[in-house]
Amino acid sequence: MNRIDTGIIDAAGLARDTADACDVAVIGSGAGGAVVAKELAEGGLRVLIVEEGGYHPVHRDLAHEAIGRMYRDAGITATLGHPMIPVPMGRCVGGTTTINSGTCFRTPEHVLVRWRGEFGVTDLATERMARLFARVEQELHVEPADLAVMSRPNTLTGELLDRAGLRGAALRRNTHGCEGCGMCCYGCTSGGKKAMPASYLPKALKAGARLYMNARVIRIRRGCGNAVLGLEAAAGANRLTIHAPIVIVACGTMLTPCLLRDNGIARGNPHLGRHLTIHPASKVVGEFDERIDSWSGIPQAYSYDGLHDDGIMFEGITMPPDLGGAAVPFTGEHLAHYIKNYAHMAPFGFLISDTAEGRMRRLPFAGYRFFYSLTPTDVRRIKRAICFLARLFLDGGAIRTYAMINSRNNVFSDRADVDRFDRTELRAKDIEAMAFHPLGTCRMAGTPSRGVCDAHQQVFDTPGLYLCDGSVVPTPLGVNPQETIMALATRLAEHLLGKTLGPAE
Ligand SMILES: Cc1cc2nc3c(=O)[nH]c(=O)nc-3n(C[C@H](O)[C@H](O)[C@H](O)COP(=O)(O)OP(=O)(O)OC[C@H]3O[C@@H](n4cnc5c(N)ncnc54)[C@H](O)[C@@H]3O)c2cc1C
Ligand code: SF4
């Protein structure tokens, strides 16, 4: 069930312009696209999936090699503003799930309450969502991270939290047989991570769906009354045309609004390409006497949510040695020491629920870019998270800690250093952040005055065109989003099939 190579058509190898037809065409094979495709195919519909990237089965590449092959633009996608924030994305079969950490969270209830009240997405009743989450979790084999194969920064942080009288928890992950090789974000080396190519996609293909890879959709065809007729994709030197009365766009938060705008869809809707939130993330690194070897074991396995009320969530994060020295704001002696002693470095990460919102712009000669700057509230939250982790590590015996800040004041040897940092003004542009969870650029809402698509994810005034990815998520979640996106995809499948989906088989 894990191998799907035989069910995939390489569109780059098509000898001529090709036409195909189906009931539902799905653009993108990530968290949204793969899930809705599988559910619809099992529901008896003829489904075609079109994916821009290629298929990269289990491999043993180094991290930087995998990034070159599986990440969009070799991993250098970013928002522009204060600061500039890298937002990496997958461009491969399975989308970003193929290169993600595997952490699974249900949508927090207070977020669902907000979507029901503020955005008019009324059919998100707690019981219904619980059933959808349970179905997704069964398909993905969601389980608590195994202590035996956690990386040391995760177990160490757990021990330090315990010692401080605080309660952390093992994260829940979509894995089965995880070997703790530490390469989740570069494609899993064992197939233990149940990303889309090892969970939903094989089932979709078994149920009769077909997947064209290496085909980039450029046109959404529409006819009378703006109703959808199908799509066109660039496939090598040729063109792939698919006739379908329903098209589901699942290109991801940063790509879906671009495809809509290029096609003149939702023209004039003030929400298209706006309201981008990203969960800005950063880390603190503790240097310890003991050997940490952070790259060995599950990178993201443990969490602490004690500051969740302030929009801060702590989660493990590690980097393999070939990337470790590239992702830190140090120079000279500090950088040399950091790299030389990398085996003794224990990083731990955090993300914040952002209050900032970004927006898409089309620039002459540069195409679409997203502009996004942190608000003072976001900066305060990031500073609070840095101080919390730095104090936790130093109290727990760290020789020193490193904050990802572009300033001389970014290495703390004792609590007094942290207190000094805490008292100093932190400028947004000095923060070295990354973001992994873009959301909201085509948000769903009860009316076009609030969103781009309706509560069932159909684009207003475009019959047959549905959106199914992070772009429809109306607000930040405060937790990792893949399970939310998958639950909404399952909900969309129920809507299109006109029936309730029971427990997974
Ligand atoms: C390094 C990293 C780690 C992460 N870790 C976690 C985690 O542990 N837990 C979690 O919940 N979330 C995590 N995320 C985020 C999560 O993976 C994403 O939120 C989720 O995959 C988004 O799903 P999506 O359907 O919106 O888009 P994607 O999964 O990105 O899928 C979109 C797909 O559409 C394709 N596409 C785009 N345009 C076109 C086009 N024109 N034609 C054809 N195909 C197209 C893309 O190539 C891509 O394959 C992580 C993200 C990153 C980058
Ligand atoms: S730690 Fe290794 S085996 Fe486990 S899910 Fe990540 S990549 Fe796969």
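Here are a few notes on helix 4 and on the surroundings of ligand 1 in this predicted model.

1. Let's start with the geometry of helix 4. This helix runs over residues 126–140, 15 residues in total. From first C-alpha to last, helix 4 reaches 21 Å, close to the 21 Å expected at 1.5 Å a residue.

2. Which residues of helix 4 are buried? The list is Leu132, Phe133, Arg135, Val136, Glu139 and Leu140. They sit on the same side of helix 4, because they cover an arc of only 160° around the axis. Note that Arg135 and Glu139 are on that buried list. Over on the other side of helix 4, Thr126, Glu127 and Gln138 are exposed.

3. What do the buried residues of helix 4 pack against? Two strands and two helices, as it happens: strand 7 (142–144) and strand 9 (172–174), plus helix 6 (200–206) and helix 12 (482–497).

4. If you check backbone torsions, have a look at His141, just after helix 4. His141 takes a positive phi of about 55°.

5. Now for ligand 1. The ligand has 41 residues around it, and the closest are Gly28, Gly30, Gly95, Asp469 and Asn480. By residue class, the shell splits into 21 polar, 15 nonpolar and five charged.

6. As for who supplies that shell, helix 1 (31–42), strand 11 (216–222) and helix 12 each put in at least two residues. Helix 1 gives the most, with three. Helix 12 links the two topics here: the buried residues of helix 4 pack against helix 12, and helix 12 also supplies at least two residues of the shell around ligand 1.

Definitions and conventions:
Residues are numbered from 1 along each chain as its sequence is written. Chains are lettered from A and ligands numbered from 1 in the order in which they are written. This is a predicted model: local features need pLDDT of at least 70, side-chain atom pairs count only at pLDDT 80 or more; totals for chains, interfaces and linings use all residues. Helices (H or I, at least four residues) and strands (E, at least two) are DSSP runs, numbered from the N terminus. The expected span of a helix is 1.5 Å times one less than its number of residues. A residue is buried if 20 or more other C-beta atoms lie within 10 Å of its own, exposed if 12 or fewer, and partly exposed in between; C-beta atoms are placed from the backbone. The arc is that of the directions from the helix axis to the C-beta atoms. Two residues are in contact if their C-beta atoms, placed from the backbone, lie within 7 Å. A residue is near a molecule or strand if its C-beta atom, placed from the backbone, lies within 6 Å of it. Ala, Val, Leu, Ile, Met, Phe, Trp, Tyr, Cys and Pro count as nonpolar, Asp, Glu, Lys and Arg as charged, and the others, Gly among them, as polar.
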